[in-house]
Amino acid sequence: MFWRGMNAINLTQYSFALKAKHKPEHRFRDLYHQICRQEWIELALSAVLANDGARTAGIDGVTRKEFQDPAYRIDFVNDLQAELKSRAYQPTPARRQWIPKSKGGRRPLGICIIRDRTVQMLLKMLLEPIAETDFLECSYGFRPGRRTMDCIGICRRYIQRRSKYYWIIEGDIRGCFNHIRHTKLESLLQQRIGDRQVINLIRRFLKAGVLEGEWYQPTDEGVPQGSVVSPLLANWYLHQFDLWWWQKYGSLTTRQKTKRRQRGLTNSRLVRFADDWLLLTNGTGKQAEELREEARQYLWEKLGLELNLEKTQITHAKDGFEFVGFHLQWLTPSHRKPWLRAIPTRNNVERLKTKIRQMTHGQQIADPYAKIIALNRLLRGWIQYYRYANVKHIAHKLDWWINQRLKHWLKRHHKWGIRRVLTTYERQQEGRRKNLAITNDKGRTVFLYRMSDLPITKYRTRNYPNPYIKTDRIVTQIKSEPDKPFRAD
């Protein structure tokens with residue numbers, strides 16, 4: 001039986017997703033009582049505490065350490081449930097911190113208290129099944145089951161000799177999260193959500209304000225970055241941009257696209273990861289400029305978002321462009337077929353090297369075994385992100401550089417000569433090569449991780465089924481079930 005193995009929350013989310021799929025105009029009502037249920041609150045709290053961000057406190061000073069006490073956790077759930085049921089819940093202002101951007105400048109980050117993060121997670125659990133049914137395939141950021149490599153896969157599919165999508169518009173929205181209009185967002189939410197209590201709760205979060213030091217600042221526009229539900233709300237807002245592209249270009253059939261090209265018109269493909277996006281076009285550079293102007297006008301007139309024209313560059317694929325941490329470039333070597341190369345950006349390589357420098361700086365009173373464990377964890381995470389890119393050559397060079405850094409750290413740590421370091425720590429690894437290795441007090445040996453050892457495989461573009469509707473078989477069975485245990489209205 002298809003119900004087996006699914007809990008009540010899963011079934012409720014499935015029912016929402018199915019209703020949204022089969023009734024695109026339906027407005028969901030009577031939703032608020034779901035987030036007042038104890039099992040929903042407990043699951044939302046567990047998800048919040050599992051995130052590393054729970055180690056950082058909001059303005060109340062509470063971290064996940066307090067929730068190790070079972071009595072504290074039970075009281076927290078009961079008190080929050082009572083507040084939600086009585087409609088007395090009021091969000092607390094977020095604590096603002098500034099973090100550096102990868103391309104320069106600083107980004108404001110709002111750190112909410114765990115109580116507010118839990119309610120935001122409840123809203124996410126409630127709204128995401130509906131949103132995932134409505135969102136288009138061209139959107140990849142902050143969506144379950146999707147990743148940055150999917151964006152690179154789309155670029156590889158379109159930037160090639162057959163399709164000729166060689167002109168790229170690199171979209172940059174000026175302060176997107178900070179300039180989302182609350183009234184516009186609420187009107188878009190109300191097209192699907194007919195429960196006034198849910199809309200009011202979202203409005204309270206949007207208007208909660210921030211504390212920077214001891215100064216309170218109201219939030220008349222924008223969604224707080226760092227909030228659990230903010231990425232979903234931003235995607236809901238920018239979904240209108242996706243619809244604009246889809247209605248004008250994305251819904252065209254292959255025959256219609258061919259006729260457009262015969263008439264000298266351009267086709268385009270949108271790839272969006274949150275507020276970063278690309279428009280790929282198979283027209284001319286001038287047509288790309290016209291398409292950029294169309295996008296600029298729509299974003300400003302319909303959504304109140306300003307396109308940063310200085311950063312929204314129009315680039316030919318041969319010149320290369322950057323997106324979601326990758327540098328992509330169309331290469332036409334004489335000795336092989338043209339191909340799209342995807343490698344880590346220089347900034348990301350330098351950030352990794354900066355982190356390694358910090359970890360191997362000076363003598364540092366640290367256990368060498370713990371040091372190599374920490375380095376290996378960092379290196380595995382970095383190469384896993386780029387494992388489908390053309391990163392083999394870069395990985396080899398980084399492996400040699402990291403090996404040298406660790407050798408010199410061990411030399412300074414022990415105040416030895418380099419020869420003694422090599423004699424003590426360099427060992428044969430799997431009979432293939434010499435590598436640095438450290439043995440702890442329990443006799444466990446760990447070798448320095450070599451990123452070039454990870455096989456670089458070709459990324460296969462995937463289908464993106466709704467994660468809340470597993471298969472058509474389940475959809476059919478749920479539709480034919482005479483007595484559904486949960487209502488979606």
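**Sheets, a helix pair and a cavity in a predicted model**

Helix 5 (residues 148–158) lies across strand 6 and strand 7 (276–281), and its direction runs at about 165° to that of strand 6. Helix 10 (residues 285–303) also packs on the sheet, where it touches strand 3, strand 6, strand 7 and strand 8, at about 140° to the direction of strand 7. Here helices (H or I, at least four residues) and strands (E, at least two) are DSSP runs numbered from the N terminus; contact means heavy atoms within 4.5 Å. Axes are lines fitted to C-alpha atoms, for helices over the stretch in contact, and angles between N-to-C directions run from 0 to 180 degrees. The model is predicted, with local features needing pLDDT of at least 70 and side-chain atom pairs counting only at pLDDT 80 or more, while totals for chains, interfaces and linings use all residues. Residues are numbered from 1 along each chain as its sequence is written, and side-chain values use heavy atoms, with hydrogens and water left out.

The sheet beneath these helices is best followed strand by strand. Its 4 strands form an open, antiparallel sheet in the order 6-7-3-8, two strands being paired if DSSP finds at least two bridges between them. Strand 6 (268–273) and strand 8 (314–316) are the edges; each has a single partner strand, so one side of each is left without a neighbour in the sheet. The twist averages 20° from one strand to the next. Strand 3 (residues 167–172) pairs with strand 8 in the antiparallel sense over 3 bridges, and Ile 169 has Ile 314 of strand 8 as its bridge partner.

A further open sheet has 3 strands in the order 9-10-11, again with antiparallel pairing. Its edge strands, strand 9 (321–323) and strand 11 (339–344), each pair on one side only. Strand 10 (residues 326–331) joins strand 11 over 6 bridges, with Trp 330 partnered by Leu 340 of strand 11.

Turning to helix packing, the axes of helix 11 (residues 346–359) and helix 12 (residues 368–385) come within 11 Å and cross at roughly 175°. That makes helix 11 roughly antiparallel to helix 12 (angles over 145 degrees count as such). Residues making the contact include Leu 352 and Ile 356 of helix 11 and Leu 375 and Trp 382 of helix 12.

Finally, Gln 120, Phe 205, Val 223 and Leu 233 are among the residues lining the largest cavity, a cavity being a set of points on a 1 Å grid over the protein atoms alone where a 1.4 Å probe fits but cannot get out, with lining residues having an atom within 4 Å of a point.

Methods
On a 1 Å grid over the protein atoms alone, a cavity is a set of points where a 1.4 Å probe fits but cannot get out, and a pocket is an open set with protein on both sides within 12 Å along at least five of seven lines; lining residues have an atom within 4 Å of a point. Angles under 35 degrees count as roughly parallel, over 145 as roughly antiparallel, 65 to 115 as roughly perpendicular and the rest as oblique.
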